[in-house]
Amino acid sequence: MAKKDPFSSLRIPEFRWFLAMRLFIVLAWSMQFVLIEWEVYRITKDPLSLGLIGLMEIIPAISMALFAGHIVDQNEKKGLLIKCFSGLAIISALFCLLVHPNFIDSFSKNTILYGIYALVFVGGIIRAFLIPSVFSLLGLIIPKKEQPNAATWSSSTWQVAAVIGPALAGFAIGWVGAFWSLVFVVFCVIMALIVLTQIERKPILNPKIGEPIFKSLKEGLSFVISSKPILNAISLDMFAVLFGGAVALLPIFAQDILKVGSEGFGILRAAPAIGGLITMLISTSIPLHQKAGKKLLLAVFGFGVCIIVFGLSTNFWLSVVALFLSGVTDGISVVIRQTILQIYTPDHMRGRVSSVNSIFVGSSNELGAFESGLTAKLMGTVTAVVFGGSMTLITVLITGISSPTFRNLDLEKDLEEHRKEE
């Protein structure tokens with residue numbers, strides 16, 4: 001049997017441009033979210049205000065997701081991404097204005113806070129279109145047989161940006177302040193837009209152009225519901241992210257519990273992303289396809305344990321290790337889930353399936369942030385984190401017991417079939 005090439009997808013020039021584009025946009029996104037979290041908590045000192053950031057993004061992201069998936073499947077992907085990136089550049093520029101010292105001195109804290117929430121809301125609308133557009137474009141650049149390898153590199157690139165972004169944001173707050181940090185965010189979005197121009201426009205593979213929207217949405221939902229590997233994978237990850245949203249409360253841990261300031265905050269934010277990155281880089285050489293179901297269940301269970309340890313820790317470095325290991329386990333989960341989505345999703349339905357996935361998983365990050373903020377307000381910060389981790393463990397046990405087919409899922413046979421077809 002021929003040895004697998006861990007760099008096979010990187011030999012495709014447009015895929016390298018795609019990775020550069022994703023690096024810049026995720027770097028901008030992750031930095032901006034951290035900077036906004038910090039500013040909001042600095043203004044309010046209220047954990048619920050952190051949860052409201054997630055709520056303001058999830059409302060439009062969920063309500064627009066299925067419609068966005070239909071639009072993505074009906075239109076050319078590069079053009080949609082150009083519009084999304086342009087919108088994000090404008091939003092980031094307005095964030096710069098809101099945190100500028102002159103603006104802060106001229107307006108009340110409530111005005112600034114409501115302005116931040118409004119921009120986050122508009123960003124949620126753009127995100128509803130951006131995520132399925134990126135997912136669909138990847139499928140058009142990469143042949144089927146290379147998609148598992150490409151999914152790993154794409155996820156690794158996301159993790160690289162997620163490592164650099166939070167850490168850079170945390171340090172930048174202390175070095176140059178929120179305003180200049182957000183100026184750099186605008187620069188990253190513009191760079192993503194420039195890199196995107198190097199990718200050629202792709203054909204629209206949907207054979208049902210002009211199909212009525214409700215019929216199109218019904219077809220997308222029916223496909224996800226009938227595809228048990230996809231449905232189980234995204235459902236499991238959704239509940240894990242929903243209840244394990246401890247990261248949303250990191251400003252409280254950094255400022256009030258561990259008392260490590262903005263630099264410590266940056267390290268805490270970067271720790272899970274570093275763990276995920278290491279896992280994903282290793283997975284390019286050691287694939288996770290065999291016994292994927294069991295590996296996914298064990299990974300999410302380990303994630304829940306790490307969240308509980310983090311919640312109970314009062315030692316900074318123990319907290320960092322717990323978050324690092326949560327990233328390792330989450331990295332395994334992401335690689336397996338993305339491989340399942342790439343393998344089982346037809347090209348003409350990628351927009352709609354990705355939109356459903358964003359409702360289940362992507363938006364659960366923000367809903368998890370709101371859940372964490374609300375439970376922290378009601379129970380206390382530490383109790384809320386431990387509660388979330390415990391609910392993650394219960395979710396894994398229920399899924400593993402109730403779905404033996406998913407527990408025994410093995411992707412190797414499906415990958416072999418795709419290789420034979422091509």
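**Entry 1. A starting residue**

In which helix is Glu-39 found? I looked it up in this predicted model and found Glu-39 in helix H1. I then asked whether Glu-39 is buried or exposed. Its relative accessible area is 8%, and the limit for buried is under 20%, so Glu-39 counts as buried. Setting aside residues up to four places away in sequence, I noted that Glu-39 touches Val-99 and Ala-178.

**Entry 2. Another glutamate in H1**

I turned next to Glu-14, which also belongs to helix H1. Glu-14 has a relative accessibility of 16%, and therefore I recorded this residue as buried. Beyond its neighbours within four places in sequence, Glu-14 is in contact with Ile-141, Gln-198, Ile-199, Glu-200 and Lys-202.

**Entry 3. The chain as a whole**

I then stepped back to the whole protein chain. How many helices and strands does the chain have? I recorded 17 helices and 0 strands. The chain has 422 residues, of which 59% count as buried. Among contacts with a separation of 6 or more, 88% are between residues 24 or more positions apart. The chain exposes about 17,000 Å², and carbon and sulfur atoms supply 70% of that area.

**Entry 4. Nonpolar cores**

Which residues touch the most other members of the largest nonpolar core? I found that they are Phe-15 and Phe-18, in a core of 79 residues. Helix H1, residues 13–44, gives this core its largest share, with 16 residues. A separate core holds 22 residues, including Phe-223, Val-224, Ile-336 and Leu-341.

I also listed the contacts of Phe-15. Apart from neighbours within four places in sequence, Phe-15 is in contact with Ser-9, Leu-10, Leu-138, Ile-141, Ile-142, Ala-150, Trp-153 and Ser-154. Ile-141 appears in this list, and Ile-141 is also a contact of Glu-14.

**Entry 5. Helix H6 and its proline**

Does the span of H6 agree or disagree with what is expected? At 1.5 Å a residue, the 29 residues of H6 should span 42 Å, and I noted that the end C-alpha atoms are 41 Å apart, which agrees. Of these 29 residues, 22 are buried, so H6 is largely enclosed by the rest of the structure. Just after H6, Gly-177 takes a positive phi of about 90°.

Pro-166 lies in H6, which covers residues 147–175. Pro-166 counts as buried because its relative accessibility is 2%. I followed Pro-166 to a distant part of the sequence: Trp-29 is 137 residues away along the chain, and the two C-alpha atoms are separated by 9.7 Å. When neighbours within four places in sequence are left aside, the contacts of Pro-166 are Ser-30, Val-34, Ala-161, Gly-266, Arg-269 and Ala-270.

**Entry 6. Helix H11 and its kink**

The contact with Ala-270 led me to H11. This helix covers residues 261–283, and its 23 residues reach 34 Å from first C-alpha to last, close to the 33 Å expected at 1.5 Å a residue. Where does the kink in H11 lie? I located a kink of about 30° at Ala-270, shortly before the proline Pro-272. Thus Ala-270 marks the kink in H11 and is also in contact with Pro-166.

**Entry 7. The loop before H11**

Lys-259 lies in the loop between helix H10 (250–257) and H11. Most residues other than glycine have a negative phi. Lys-259 is not a glycine, yet it has a positive phi of about 55°. Its relative accessibility is 63%, above the 50% limit, so Lys-259 counts as exposed.

**Entry 8. Helix H12**

I looked up Leu-296 next and placed it in helix H12, residues 292–312. Leu-296 is buried, because its relative accessible area is 2%. Ile-332 is 36 residues from Leu-296 along the chain, and their C-alpha atoms are separated by 7.0 Å. Apart from neighbours within four places in sequence, Leu-296 is in contact with Ala-233, Leu-236, Ser-333, Ile-336 and Phe-406. Ile-336 is also among the members of the core of 22 residues.

**Entry 9. Cysteines**

Finally, how many disulfides does the structure hold? I recorded 0 disulfides. Cys-96 counts as buried, at 7% relative accessibility. Cys-306 is also buried, with a relative accessible area of 11%.

Technical notes:
Residues numbered from 1 in each chain as written. Predicted model: local features only at pLDDT ≥ 70, side-chain atom pairs only at ≥ 80, totals over all residues. Heavy atoms only, no water. Helix = DSSP H or I, 4+ residues; strand = E, 2+ residues; numbered from the N terminus. Expected span 1.5 Å × (residues − 1). Bend = angle between axes of the 7 residues up to and from the residue. Buried < 20%, exposed > 50% of the residue type's maximum accessible area, 1.4 Å probe, protein only. Contact = heavy atoms within 4.5 Å. Core = buried A, V, L, I, M, F, W, Y, C linked by side-chain atoms within 4.5 Å. Areas by Shrake-Rupley, 256 points an atom, 1.4 Å probe, with all protein chains shown as cover. Disulfide = S-S within 2.5 Å.
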